[in-house]
Amino acid sequence: RRPPRLSARAQDTIHVFDARNIGRIGTRDKYAMFTVEGVEYLLDESLTELERRLVSWDFVRVHRAELVNLAHVTSVHVGPGESTVLLRDGMQVPVSRRSLAELKRRLRGD
């Protein structure tokens, strides 16, 4: 099976990335985006399309505007009002109450 790839625009260039190397895909102004080495890339696919395509590669939606790669998760902080995922690059991603149970299930490997 071929690894999933993401094609992203940055100015007038289309860059191709191995999705397994991306820890987080979020949204900004209706565009799906991710950051690699401090550079922000915009995707042509919606977050819903990306979720459908990447779910079998251990991406999970943790918030209406956030997908995370489970391979990049180092910890989950469960707070009384808000939970967050810490990724290995130090980024903290919010987790909605509705997504928390699914995140825990997927982290266990169920």
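**Strand 1 and its neighbours**

Colleague: What makes the two faces of strand 1 a covered one and an uncovered one?

Modeller: The covered face has Leu6, Ala8 and Ala10. Arg5, Ser7 and Arg9 form the uncovered face. The scale is relative accessible area: buried is under 20%, exposed over 50%, partly exposed in between (1.4 Å probe, protein chains only). This is a predicted model: local features need pLDDT of at least 70, side-chain atom pairs count only at pLDDT 80 or more, and totals for chains, interfaces and linings use all residues. Residues are numbered from 1 along each chain as its sequence is written, and side-chain values use heavy atoms, without hydrogens and water.

Colleague: How do you know that strand 1 and strand 2 pair?

Modeller: Strands pair if DSSP finds at least two bridges between them. Strand 1 and strand 2 (residues 13–18) have six bridges, in the antiparallel sense. Therefore they pair. Arg5 has Asp18 as its bridge partner in strand 2. The two strands form a hairpin with two residues between them. In the turn, Gln11 has a positive phi of about 55°.

Colleague: Why do strand 1 and strand 5 pair?

Modeller: They have two bridges, in the antiparallel sense. The rule asks for at least two, so they pair. Ala8 stands opposite Leu43 in strand 5.

Colleague: What makes strand 2 and strand 6 edge strands?

Modeller: Seven strands form an open antiparallel sheet, ordered 2-1-5-4-3-7-6. Strand 2 and strand 6 (59–63) each pair on one side only. A strand is a DSSP run of E, at least two residues; a helix is a run of H or I, at least four; both are numbered from the N terminus.

Colleague: How do you know that helix 1 packs on the sheet?

Modeller: Helix 1 touches strands 1, 3, 4, 5, 6 and 7. Contact means heavy atoms within 4.5 Å.

Colleague: Why is there a nonpolar core?

Modeller: A nonpolar core is a set of buried Ala, Val, Leu, Ile, Met, Phe, Trp, Tyr and Cys residues joined through side-chain atoms within 4.5 Å. The largest has 17 residues, including Leu6, Phe34 and Leu54. Strand 1 (5–10) and helix 1 (47–54) each supply at least two of them. A second, separate core of 11 residues includes Val60 and Leu100.

Note on methods: Axes fitted to C-alpha atoms, helices over the stretch in contact; angles between N-to-C directions.
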